[in-house]
Amino acid sequence: MEESPINDPGKAGKQHEQQAQLAPKSGERPDQGTAPTNDHYRPDPQMERDQSSIPPPDVANAQYHHPVLAQPPAALTGLRLEEPAKVAAGITAVIKSMEFSWSEGGLSRGTRGLLNMNQKDGFDCSSCAWPDPDEHRSVAEFCENGAKATASDADERAAGPEFFARHSLAELSRMTDRDQNNAGRLTHPLVKRPGDNHYSPIEWPEAFQLIARELNALDSPDEAVFYTSGKVPNEPAFLFQLFARQFGTNNLPDCSNMCHESSGAALSPTLGLGKGSVTLNDIHEAEVILIIGQNPGTNHPRMLTALQKAKRNGAQIIAINPLFEAGLNHFRNPQDFMNPLRALGALMGDGTPITDLFLQVRVDGDMALLRGIMKHLFEAEDLNPGQVVDRAFIAEFTTGFESFEQNIRHTRWEDIEELSGISRAKLLEAANMLARKQKIVTCWAMGVTQQRQGVQTIQEIVNLHLLKGAIGKPGAGTCPVRGHSNVQGDRTMGIWEQPTRVFLDALGKEFNFTPPYEHGLDTVESIKAMYKGKTKVFFSLGGNLLAAGPDTEVIAEGMRKQKLTVFVGTKLNRGHLTTGETSLLLPCFTHADVDMQKSGHQMTSCENSMGVVSQNKGVLVPLPGQMMSEVAILAGVAIATLGNRTNIADWVAMTENYDVIRDHISRVIPGFENFNEKLRRPGGFYLPNGPRERKFTTANGKANFSTTELEKYALEPDQLVLMTVRSHDQFNTTIYDYNDRYRGIHGERRVLFMNRQDMADRGLKAQDLIDITSHFKGEQRTVEKFVAVPYDTPRGNVAAYFPEANPLVPVGSVAKKSNTPTSKYVVVTVAPAHKTVGAPLEVRLAAEA
């Protein structure tokens, strides 16, 4: 391993050490090193989890009980409807990108941010985790939503102490989520003391001592919860889990518990690694690409460039989704404006057609659909022995095929068609596209993972790939498309409530302590524990659990029961306002900010969806104030809290030079050997990936077919199934504006997309005001004042934006094994909105006074 820069501080962030010849070459299978052992999920995790129920909150009347609103205000902002778009991106995306960048960051600052985003010597986009090209990168290596995220990070406006002195928490909670984000960057550490209704300034040393005092007063370390956002880079993520474990707990829930936990739970026991197996070049080389439960045009727009390249190489694309999104239809690539031969088409034409076959599946029907495709493939194999099923691959690399085959063959076509909503004939079209192909890539996102049977559905995706031998070769493999920039890297760094003993042993050895080995709380378990008063401190490193999680009012009540809530963030969000008895709001740098420490300009790192770790080096001077890096904040907390229980000098060294952190990581986590050297290669480096090389590090050393159970659920008359979705002017819980132009929505977010016949059956007309009630095990939750919007959805299925619809998602409704909230399967009824009686609590109290 390279000599530690603790002995050579000048090494920190040296760009001249990059060596171009070490960059991964396009089209080649990258050298990744030896695959580590697999993630090994708990055999029966449900048995360890809290199965008790929580009384349903009074969602509709919560505004009358608490002056600080946990839900976004119900005031409508002015809906204007247009026809949904049929083409994604194009010149409009360029214009919108510039508008956001220049309006928030200013012309110079905004442009500088955009031109350095996703560059090999720049910073990683703080939004999605779609990979960057290994070799050539364009000058504008970003998408519209990445531009919005960077513009928000580059915001020149400041939300400092004066702003919080003018506005109480109750007043701030009555702002829309967009206006909270647009208040500006947090610049000073703030505290809400017991009984206060404002945040006020606090000095950093006092903030650290306050945290230390509350943590050290706990009866058990397990009374603290340490939550993480996927936006956090590797280095602070590693320190966060190190601090939590040195403190004595594995209570490390994170946003992945609510998004791709189902992917990890399905992939780990079947393939040996809870990550995808493909590279970006595999997308380009694929013959058939399946896109399931994903909207790349809004959530991962740069993916459209890869799909366009695959189409130009001859790939066929099957899109499987309840809504036909613009990005699945046509893509007008802004990069084509730079090509004289394509510029006119990019400006005037429809661009590249993306989808060859669209299957408008019912919500939660993907598992049945996949079974239908595979049932057709077995029938084709019967007619063409040895030409459809890769029996040589199955014999050499897999187990469990016979049981899986019988399970598929015995599935009734009637059940497949009923549950999926897709005809047998239509499924035959998909099967025929796959039958003679082996270069197959399947991409999926939260449209799959947040189903009741999300884990089992992903197991069927794996079954399809094993059946075809479509894994571990160029142009083929599994591709769970992650959301936030480093949500995958945070898990790699140890942000996990159920770590392996191998990882904990290595961590304990490196830092000379005995870590806790008992499993901690995931996100859903943490919400329950907070609500029941079993925890007293909630520490959030980024993120917005209140808006991201299920059952908003349950989370809010849990927050109110904490002695201390700590929020490390860059901008104000609703989650900062529903607090514990004491609350801290601590401002930190973004990916785009220059991070200067004692040894010089620091860089961090992120891991993308394809397992590539690359550098992140800010270029924008932080706003005036007292912001600190996440690393410095965590070191301050650790030193104050742990004292002589930790190596204080090491925490100081890690803060002064982040290469010291990476030296530690290189000795703890497989694949990160010589971390500092490899990170300085242009484009970074690939982590080990067994399935990519047909090395399946499962318990039996094989890729395992799964035999799943196809469950049928009956709805009561008049009930519908709701799924929550994002708008185009949104990334995760951050709301940039009230528009969703691809779906024709302008000026409003409180909308419910409904099938036209479902509306007619209920006597509803376009833009009628409605209330929505969810139903779960006899419980009911109601959100009021939504606007009914006719839309092309399957009969019986509706959609609404989160976080507005999150109060309808019961915290007890989770996917099997992964414990992921079922935000893509919420049983609801709708009714005309009733008139609200009374006034919010704050107004009534003011009148009474």
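Start by selecting every cysteine: across the whole of this predicted model, a search turns up zero disulfides.

Why is there no bond at Cys443? Zoom in on this residue together with Cys479. The closest cysteine sulfur to that of Cys443 belongs to Cys479, and at 3.9 Å it is too far for a bond, because a disulfide needs the two sulfur atoms within 2.5 Å. Now switch on the surface. Cys443 counts as buried, with 0% relative accessibility, and Cys479 is buried too, at 1%.

Next, step back to the whole protein. You should be able to find 32 helices and 33 strands. Of its 849 residues, 66% count as buried. Colour the surface by element if you like: the accessible surface comes to about 28800 Å², and carbon and sulfur atoms hold 52% of that. Taking contacts with a separation of 6 or more, 81% join residues 24 or more positions apart.

Now for the interior. Which residues touch the most other members of the largest nonpolar core? Select Phe226 and Phe238, which do so in a core of 60 residues. Then highlight helix H9, residues 234-247, which gives the most to this core, with eight residues.

Stay with Phe226 and show what surrounds it. Beyond its neighbours within four places in sequence, its contacts include Leu215, Phe240, Phe243, Ala244 and Phe247. Also among them are Thr249, Asn251, Leu252, Pro253 and Phe539.

For a last stop, select Val389, Ala430, Leu464 and Phe696. These are among the 52 residues of another core, which lies apart from the one around Phe226.

Terms used: Residues are numbered from 1 along each chain as its sequence is written. This is a predicted model: local features need pLDDT of at least 70, side-chain atom pairs count only at pLDDT 80 or more; totals for chains, interfaces and linings use all residues. Side-chain values use heavy atoms; hydrogens and water are left out. A nonpolar core is a set of buried Ala, Val, Leu, Ile, Met, Phe, Trp, Tyr and Cys residues joined through side-chain atoms within 4.5 Å. Buried means under 20% relative accessible area, exposed over 50%, partly exposed in between (1.4 Å probe, protein chains only). Helices (H or I, at least four residues) and strands (E, at least two) are DSSP runs, numbered from the N terminus. Contact means heavy atoms within 4.5 Å. Accessible areas come from the Shrake-Rupley method with a 1.4 Å probe; for residues, only the protein chains shown count as cover.
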